[in-house]
Amino acid sequence: MPLKKVRSHSLIFNLSQGLADKHSRTTSLVGVRTALHTDLAMSSSAVPPPERLRTPMTVPRRHMFGPGPSNVPPRILQAGANPVIGHMHPETFEIMADIRSGVQYMFQTLNPVTLVVSGSGHAAMECGIFNAVEAGDGVLVAVNGIWGERAADMARRIDAVVHTIIAPPGGVFTNAEIEQALIKHRPALLFLTHGESSTGVLHPLDGIGQLCHKYDCLLLVDSVASVGGAPVRMDQQEIDILYTGSQKVLNAPPGTAPISFSERACRKIFKRRTKPVSFFLDLRWLSNYWGCDGKAARVYHHTGPVSAFYSLRESLAILVEEGLEHSWKKHREVAEYFHTGLERMGLKLFVEDKALRLPTVTTIVVPDGYDWKEITAYVMKRHNLEISGGLGPSAGMVLRVGLMGCNSSISSADMVLEALKDALAHCHKSKV
Ligand code: PMP
């Protein structure tokens, strides 16, 4: 018997000594051995099958009016239910090519290196940072909410030299402030969040890309909560790296994250001295898998989530049918309608300047004396509707309502207004 087997046998025997004591002392040794072996074989799944998996799964239907995920319409759900085929099959590559063209349209870019990360928005954040930044590079992070904080954390993890400029929650940076910081720190990369979902701010983008390039810096923009619902023109605005998530305006299930890299970004990335810290997010590999590198042969990198690709393709097809400009206009008009309704109820918007309000995610100041948790719990219980509290720097200060993609409609806005009215009438005002 090979050594390994002998060892495992004696291990089984030793381990089972305790059990042996439970058996009758009169049983012969051979009998004990056999009985024990059977016991152990039977209990080779020492963890019993969980009873809870014997009952069918129940998933409630809800109005998903928080900052994400948003509701996934039946057409997109059904697309995801298509048969799974191989992640390297030619038909899958066709679907991936369709997705790339949809993302180019949504981002308004002709960048060939436009693809989708298999992961949520955070994966795309790390894909942008980990590829564009090497240890020792300077990174300037414009922090006006949680996403800047997280980007700074990610860049520090790969030993970048991180500088931050910090705006109070709800605030933005002027181009002059950004230029001053670029002159002072001379970073290799500037990180900026376009749609700050934690504070409800839509950061102006015009002119920032040009400023970055004046100082030989790349511009990385997080548009997870904004793209599709507010104008972004990647090429025109000279954004070097832009990413988003599938679960917001696109109304696809969470788990895929479109990203695009300018030629300037690719020049830096493909001339790196060191390999990116992550194999999974390495742009050389990803751009080959997504057919962006012009090479005829694609090499297996990871098993792409094909069902998620089907859904994403469908959501991009809906955006193409609707038209990007129409989608921007719809989100703006619905947001304005919603904001007016909130103000009529006596609620205060967290972002005072109308021009800086994110049309996809609205932040409402928690009304005096109310507990935000009671309000969100009430509307969930009574109206089957998700809205959420603040996040990061806005925690405890605001309620957040997302009306994105198919949820950006007057009827959804009315539903939230009704639910909030009801909550304010029924939730206790605290005694403070
Ligand atoms: N950036 C922004 C602006 C976001 O709103 C989110 C998600 N709330 C993320 C990044 C992270 O995305 P995910 O949760 O999909 O990882």
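**Close-up 1. Polar contacts of the ligand in the predicted model.** An N or O atom in the side chain of Gln-247 lies 2.7 Å from an oxygen atom of the ligand. Two contacts involve nitrogen atoms of the ligand: a polar side-chain atom of Asp-222 is at 2.6 Å from one, and a side-chain N or O atom of Lys-248 is at 2.8 Å from a ligand nitrogen. On its own the ligand has 390 Å² of accessible area, of which the protein covers 87%.

**Close-up 2. Residues around the ligand.** The surrounding residues include Ser-120, Gly-121, His-122, Trp-147, Gly-195 and Ser-197. Val-224, Ala-225, Gln-247 and Lys-248 are also among them, as is Asp-222. Sorted by class, this shell holds six polar, three nonpolar and two charged residues.

**Close-up 3. The tilted aromatic pair of Phe-279 and Trp-285.** Four aromatic pairs are found in the whole structure. In the one formed by Phe-279 and Trp-285, the ring centres are 5.0 Å apart and the planes meet at 50°, a tilted arrangement. Phe-279 is partly exposed, with 49% relative accessibility; Trp-285 is also partly exposed, at 29%.

**Close-up 4. The edge-to-face pair of Trp-290 and Phe-309.** The centres of these two rings are 5.1 Å apart, with 65° between the planes. Trp-290 sits in the loop between helix 11 (283-289) and helix 12 (306-322), and Phe-309 belongs to helix 12, so the pair links parts of the chain 19 residues apart. Trp-290 and Phe-309 are both buried.

**Close-up 5. The aromatic cluster and Arg-298.** Trp-290 and Phe-309 join Phe-93 and Tyr-289 in one aromatic cluster. Arg-298 lies over the face of Phe-93, 3.9 Å from the ring centre.

How values were computed
Residues are numbered from 1 along each chain as its sequence is written. This is a predicted model: local features need pLDDT of at least 70, side-chain atom pairs count only at pLDDT 80 or more; totals for chains, interfaces and linings use all residues. Side-chain values use heavy atoms; hydrogens and water are left out. Rings of Phe, Tyr and Trp (its six-membered ring) pair if their centres lie within 6.5 Å; planes under 30 degrees apart count as stacked, over 60 as edge-to-face and the rest as tilted. Buried means under 20% relative accessible area, exposed over 50%, partly exposed in between (1.4 Å probe, protein chains only). Helices (H or I, at least four residues) and strands (E, at least two) are DSSP runs, numbered from the N terminus. A charge sits over a ring if NZ of Lys or CZ of Arg is within 6 Å of the ring centre and within 35 degrees of the ring normal. A residue is near a molecule or strand if one of its heavy atoms lies within 4 Å of it. A polar contact is a pair of N or O atoms within 3.5 Å; within protein, one must be able to donate a hydrogen and the other to accept it, and residues adjacent in sequence count only if both atoms are side-chain atoms. Accessible areas come from the Shrake-Rupley method with a 1.4 Å probe; for residues, only the protein chains shown count as cover. Ala, Val, Leu, Ile, Met, Phe, Trp, Tyr, Cys and Pro count as nonpolar, Asp, Glu, Lys and Arg as charged, and the others, Gly among them, as polar.
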